[in-house]
Amino acid sequence: MVRLDSFAVFFKIIISAATAATILFSVRSAELDPETKGEYYALLLAVTLGMYLMASSTHLLMIYLSLETVSLTSYILAGFLTHSPRSSEAAFKYITFGAISSGTMLFGISLLFGMTGTGDIMLISSRLGEMFSQGDVYPLAVLLSITFILAGVGYKIASVPFHMWSPDVYEGAPIPITAFLSVASKSAGFAMFIRLFYSGFKSADASIDWSLMLAVVSALTMTVGNLAALPQQNVKRLLAYSSISHGGFLLMGGVLLTSEGLQAILIYLVIYLFMNLGAFFVVILIANEVGSETIDGYRGLGSRAPLIAVSMAIFLFSLTGLPPLAGFAGKWILFAAVIKEKLYWLAIIGLLNSVVALYYYVRIVKAMFLETSDDTESLSFSPGSLVLLLVFVVPTLLLGIYWNPLYELSRVSLGKLMG
Amino acid sequence: MSVALFIVLAVFILGGGLAVVVTRNVVQAALALLVSLVAVAGIYLVLYAEFLALVQVLIYGGAIVIVLIFAIMLTRNAEYPRTSDNRQWPLAALAALGLLGVLVPSFLINAVRGTEPSNASFTGIGESLFTTWAVPFEVASLVLLVALIGAIIIARSGPGEN
């Protein structure tokens with residue numbers, strides 16, 4: 001039902017780190033109503049518990065239940081600013097989309113349960129292997145049920161064509177929740193994806209070519225996320241689309257489910273945690289001080305708040321994937337895993353997308369350093385905020401040069417999963 | 001005998017479902033849904049799962065459809081008669097028929113396992129809910145708690161109250 005192995009612990013650490021960061025961000029956020037803070041933190045802990053369960057579940061029913069826990073709590077957290085119409089719109093779109101995706105996933109789960117007679121993922125794996133070797137199975141039906149389950153998983157990791165909720169929700173939700181959703185929700189979704197597809201469906205992949213389907217989804221996700229981010233003016237929306245494209249990069253590692261690919265996913269998730277949370281923290285700080293969430297609000301930040309501007313530049317360049325920052329290391333490991341499996345077309349699409357992404361990330365850097373704003377007083381931030389910012393900057397700098405401990409940690413975490 | 005019962009119930013389920021999708025009156029759609037769901041409870045009875053049939057009638061018929069009709073009543077006063085006006089129904093019908101075309105051969109070829117009722121009595125379900133299925137049970141109660149808290153947060157806010 002629920003399994004405690006090193007794989008689950010790895011993801012629980014990532015999710016706990018994201019939750020801790022979100023709590024620290026929420027303390028500093030000026031958006032949240034002090035009256036409902038108790039419920040806010042309670043819901044945040046509930047969604048963390050749901051994500052722990054998502055990372056550890058090995059039964060189809062448990063996977064669905066934990067997914068629903070996380071989804072329902074996320075809907076409420078996204079709509080938490082009840083006086084803001086954008087927040088309510090975000091919650092409404094999230095609910096509608098999430099309900100349809102969860103329903104589709106449940107239909108796929110029921111089909112799979114009917115065909116194999118069990119809900120436990122390990123047993124499904126052996127039953128599918130048996131059924132395919134005996135030949136008394138209709139492959140199209142298994143493919144259909146896997147596709148429906150992929151609908152639910154794809155919604156959680158915001159991959160095309162289930163990504164439509166992501167920009168609106170990220171834009172409307174309170175910024176700490178956006179940061180949390182972009183990192184923790186994606187990590188939990190990938191944990192679920194790896195458990196389902198690696199532990200559950202790998203025995204069926206000789207007869208059904210779902211790896212091609214995953215590769216196409218990955219390529220589309222990267223491309224759509226990047227192209228849609230190009231014209232964005234709102235920084236939250238831009239980071240939402242960039243987050244979608246990073247989901248596509250992560251999915252690249254999961255296409256053929258080799259151990260290198262899965263390791264690359266785990267490593268990139270940790271690096272992505274630091275980069276993305278750091279970027280969102282800067283967005284929170286600027287939104288509190290300047291009151292703006294658009295790129296125009298970042299003008300002249302290089303002179304007004306140099307430490308913040310340099311940190312933001314580090315995060316943005318790391319998100320692009322420029323050496324010697326952590327994002328480059330993560331992308332390199334991912335591409336190495338993809339090229340090793342000879343999926344050259346996917347690697348080329350990934351490279352082209354990284355190049356295109358540079359444009360919209362550098363637009364913010366250009367606004368910060370090369371443009372001036374009318375308001376030229378320098379901004380001051382509390383020492384606590386600066387220390388928290390450094391907590392994200394330092395790993396982004398270090399992991400680009402020395403990522404070996406992370407490599408070993410991910411290899412150990414995957415060890416039990418393979419067996 | 002059970003085949004005849006199944007066919008009668010299936011007619012109600014499919015008829016109800018079709019009526020939900022086809023009718024233009026939202027209230028009629030909700031009531032057709034009720035017919036369909038209570039017929040599903042009948043199927044559960046044919047399969048000797050009395051607890052499930054009871055729960056189906058209670059929760060689906062007694063709670064969900066009621067809430068649906070309340071929601072319609074509270075939000076759609078002026079637009080009762082003509083609300084569903086969907087021009088995409090040919091595409092939807094095509095997709096549904098395609099799904100049927102894939103599912104029917106699969107259920108004819110694959111043996112559907114797990115159809116032997118095991119521990120489906122009231123005591124059996126109660127026992128397994130607290131032993132084999134204890135963790136999903138507790139997680140489900142967490143889901144309910146979260147939904148309750150969320151509903152109160154969203155519904156409570158009024159303009160500028162202190």
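# Loops, rings and a chain contact in a predicted model

Ala158(A) sits in the loop that runs between helix 6 and helix 7 of chain A. The structure discussed here is a predicted model, and this loop is a good place to begin reading it. The phi angle of Ala158(A) is near 55°, which is a positive value in a residue other than glycine. With a relative accessibility of 1%, Ala158(A) counts as buried, because buried means under 20%.

The loop between helix 6 and helix 7 of chain A also holds Pro161(A), and the peptide bond that leads from Val160(A) to Pro161(A) is cis, with omega near -5°. A cis bond is also found from Pro323(A) to Pro324(A), where omega is near 0°; Pro324(A) belongs to the loop between helix 13 (306-320) and helix 14 (326-340) of chain A. As background, most residues other than glycine have a negative phi, and most peptide bonds are trans.

In chain B, Tyr48(B) has a positive phi of about 65° although it is not a glycine. Tyr48(B) is placed in the loop between helix 2 (26-46) and helix 3 (50-75) of chain B. Is Tyr48(B) buried or exposed? At 64% relative accessibility Tyr48(B) counts as exposed, because the cut-off for that word is over 50%.

The backbone features described above can be set side by side.

| Feature | Place | Value |
|---|---|---|
| Positive phi | Ala158(A) | near 55° |
| Positive phi | Tyr48(B) | about 65° |
| Cis peptide bond | Val160(A) to Pro161(A) | omega near -5° |
| Cis peptide bond | Pro323(A) to Pro324(A) | omega near 0° |

The next topic is the aromatic side chains. A search of the whole structure, covering all chains, finds 20 aromatic pairs. One of them is formed by Tyr94(A) and Trp165(A), whose rings are stacked, with 4.7 Å from centre to centre and 5° between the planes. This pair links distant parts of the chain, since Tyr94(A) is in helix 4 (residues 85-116) of chain A and Trp165(A) is in helix 7 (residues 165-172) of chain A, 71 residues apart. Tyr94(A) is buried at 0% relative accessibility, and Trp165(A) is buried with a relative accessible area of 3%.

Why is the pair of Tyr360(A) and Tyr361(A) called tilted? The ring centres of Tyr360(A) and Tyr361(A) are 4.7 Å apart and their planes stand at 50°, so the pair is neither stacked, which needs under 30 degrees, nor edge-to-face, which needs over 60. Tyr360(A) is buried with a relative accessible area of 0%, and Tyr361(A) is buried with 1%.

Tyr94(A) and Trp165(A) also belong to one aromatic cluster, together with Tyr75(A), Tyr155(A) and Tyr170(A). Elsewhere, a charged side chain meets a ring: Lys331(A) lies over the face of Phe249(A), at 4.6 Å from the ring centre.

The last topic is the contact between the two chains. Chain A contributes 35 residues to the contact and chain B contributes 31 residues, and between them the chains bury about 2800 Å², with 78% of this area on carbon and sulfur atoms. How many salt bridges are found across the interface of chain A and chain B? The rule finds 0 salt bridges there, and the count of residue pairs in polar contact, with both residues at pLDDT 80 or more, is 0 as well. Several helices of chain A, including helix 2 (37-56), helix 5 (121-134) and helix 6 (139-156), each supply at least two residues of the side that touches chain B, while the largest share of that side, 7 residues, comes from helix 3 of chain A.

Technical notes
Residues numbered from 1 in each chain as written. Chains lettered and ligands numbered in written order. Predicted model: local features only at pLDDT ≥ 70, side-chain atom pairs only at ≥ 80, totals over all residues. Heavy atoms only, no water. Phe/Tyr/Trp six-rings, centres within 6.5 Å; stacked < 30°, edge-to-face > 60°. Helix = DSSP H or I, 4+ residues; strand = E, 2+ residues; numbered from the N terminus. Buried < 20%, exposed > 50% of the residue type's maximum accessible area, 1.4 Å probe, protein only. Lys NZ or Arg CZ within 6 Å of the ring centre and 35° of its normal. Contact = heavy atoms within 4.5 Å. Buried area = accessible area lost by both parts, 1.4 Å probe. Salt bridge = Lys/Arg side-chain N within 4 Å of Asp/Glu carboxyl O. Polar contact = N/O pair within 3.5 Å; in protein donor to acceptor, adjacent residues only side chain to side chain.
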